[in-house]
Amino acid sequence: MRIGKWSTGGGSTRSADRSETLSSGTTRSLVAPVLIGLLLIYLLICVVVGWYWSREPDLQPITSTRDSQTVPVSGELTAVTVAHLMSTLLNKPGGFITNDVAPPGLWLDNMPHWEFGVLVQVRDMTRAMRRDMARSQSQSAEDVDLAKAEPLFHFDNDSWAFPATESEYQSGLNAMEKYTRRLQAGDADFYARADNLASWVGDVNTRLGSLSQRLSASVDQGAITDGSRPREKTPWTEIDDTFFEARGSAWALIHLLRAIEVDFAEVIGRKNAKASLHQIIRELEATQEPLWSPIILNGGGYGMLANHSLVMANYLSRANAALIDLRQLLEQG
């Protein structure tokens, strides 16, 4: 009887062991498919979110933050526009992506260059406001809030922490908004003179000229030189980077030029420069047409494929030519 009992107990133990082995084996066999499935879901979410974050903001009319019944102050719309551009960089879908260190922002390439194009125009206008537009003459004191905003906007755009880029830009935005409120209250200055506008137009002219040259260098045209130095061809890995930087720069300039048309209306009318200004805006608006190709094409000559860089360069070059005319009109007595 004892032997029978021990035999029965041993069989139960072996059955339990086999059951535990099968159970653990089944568990291990299920782990890999589950992990792979979770990884695929994560990648799919990253792709969808990355596509959403890569959408460029639309062109929108910008108006004063005050009641429509209130008479606008000279320079108010320009200051509001600069603040709007920086706020868009910080608060658009995905926020400021350039300094992201995790997916999907880490994997995105086009949007960071678009952001840089906008940022350059914000920096240039803020510097022009601090240096010229908010000062009656070269010996007068600079505005305290603009003196804070400009260096903050020039902070490294790729800093993730200690401090984060977003925190520095937000501080600059706060300073710009404070200047705007003081301007509306009559406690700050803005001088809408022809020489101030001509100086900023000269900065824009230089920026667009450089972008147009880099875009045109997407194709090898042999011994084209600039002085004694041969023009270097833009590497194919940087073609889309330059394209989206130009697109962001043009997007920001359209908003700024619309503000300039309002704040410098008297000067522009007196110099008969309105037609030139409208020509610049029209050419830049053409750069914002929807891009139907999933990639930036770099076709050559009259081949079957388009060259998006040359199309963009054409619009910027025409806008730049109108900028030169505008500057000459402003500098005439």
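## What counts as antiparallel

Angles over 145 degrees between helix axes count as roughly antiparallel. Keep that cut-off in mind for the helix pairs in this predicted model. The axes of helix H4 (residues 144-153) and H5 cross at roughly 155°, so H4 and H5 are roughly antiparallel to each other.

## The chain at a glance

Here's the overall layout first. The protein chain has 10 helices and 2 strands. Going along the sequence, the pattern reads α-α-α-α-α-α-β-β-α-α-α-α.

The chain has 333 residues, and 42% of them count as buried. Now take the contacts between residues at least 6 apart in sequence: 74% of these join residues at least 24 apart.

## H4 against H5

Back to that helix pair. Besides the crossing angle, there's the spacing: the axes of H4 and H5 come within 8 Å. As for handedness, the crossing is left-handed.

Which residues in H4 meet H5? On the H4 side they are Val144, Asp145, Leu146, Lys148, Ala149, Leu152 and Phe153. Their partners in H5 are Glu168, Tyr169, Ser171, Gly172, Leu173, Ala175, Met176, Lys178, Tyr179 and Arg182. Sorted by type, the residues of this contact come out as 10 nonpolar, 2 polar and 5 charged.

## H9 against H10

Further along the chain, helix H9 (residues 274-286) and helix H10 (residues 308-331) have axes that come within 8 Å and cross at roughly 160°. H9 and H10 are therefore roughly antiparallel to each other. Their crossing is left-handed.

H9 brings Ser276, Leu277, Gln279, Ile280, Glu283, Leu284 and Ala286 to the contact. In H10 these meet Tyr315, Leu316, Arg318, Ala319, Ala322, Leu323, Asp325, Leu326 and Leu329. The split for the contact of H9 with H10 is 11 nonpolar, 2 polar and 3 charged.

## Aromatic pairs

How many aromatic pairs does a search of the whole structure find? It finds 4. One of them joins phenylalanine 96 and tyrosine 169: the ring centres are 5.6 Å apart and the planes sit at 85°, so the pair is edge-to-face. Phenylalanine 96 is in the loop between helix H2 (76-91) and helix H3 (110-133), while tyrosine 169 is in helix H5 (residues 165-185), so the pair ties together parts that are 73 residues apart in sequence. Are these two residues buried or exposed? Phenylalanine 96 is buried, with a relative accessible area of 3%, and tyrosine 169 counts as buried too, at 0% relative accessibility. Tyr169 also turned up above, among the H5 residues that meet H4.

Phenylalanine 190 and phenylalanine 264 form another edge-to-face pair, with 5.7 Å centre to centre and 70° between the planes. Phenylalanine 190 belongs to the loop between H5 and helix H6 (194-216), and phenylalanine 264 to the loop between helix H7 (239-263) and helix H8 (265-270), so this pair ties together parts that are 74 residues apart in sequence. Both phenylalanine 190 and phenylalanine 264 are buried.

## Backbone oddities in the loops

Now for some peptide bonds worth a look. The bond from proline 103 to proline 104 is cis, with omega near 0°. Where is proline 104 found? It's in the loop between H2 and H3, the loop that also holds phenylalanine 96.

The peptide bond from phenylalanine 162 to proline 163 is cis as well, with omega near -10°. Proline 163 has its place in the loop between H4 and H5, and so does phenylalanine 162. Phenylalanine 162 isn't a glycine, yet its phi is positive, at about 60°. With 84% relative accessibility, phenylalanine 162 counts as exposed.

Asparagine 272 is another non-glycine residue with a positive phi, near 55°. You'll find asparagine 272 in the loop between H8 and H9. Is asparagine 272 buried or exposed? At 66% relative accessibility, asparagine 272 counts as exposed.

Notes:
Residues numbered from 1 in each chain as written. Predicted model: local features only at pLDDT ≥ 70, side-chain atom pairs only at ≥ 80, totals over all residues. Heavy atoms only, no water. Phe/Tyr/Trp six-rings, centres within 6.5 Å; stacked < 30°, edge-to-face > 60°. Helix = DSSP H or I, 4+ residues; strand = E, 2+ residues; numbered from the N terminus. Buried < 20%, exposed > 50% of the residue type's maximum accessible area, 1.4 Å probe, protein only. Axes fitted to C-alpha atoms, helices over the stretch in contact; angles between N-to-C directions. Parallel < 35°, antiparallel > 145°, perpendicular 65-115°, else oblique. Left-handed = near helix turned anticlockwise from the far one by under 90°. Contact = heavy atoms within 4.5 Å. Nonpolar A, V, L, I, M, F, W, Y, C, P; charged D, E, K, R; others polar.
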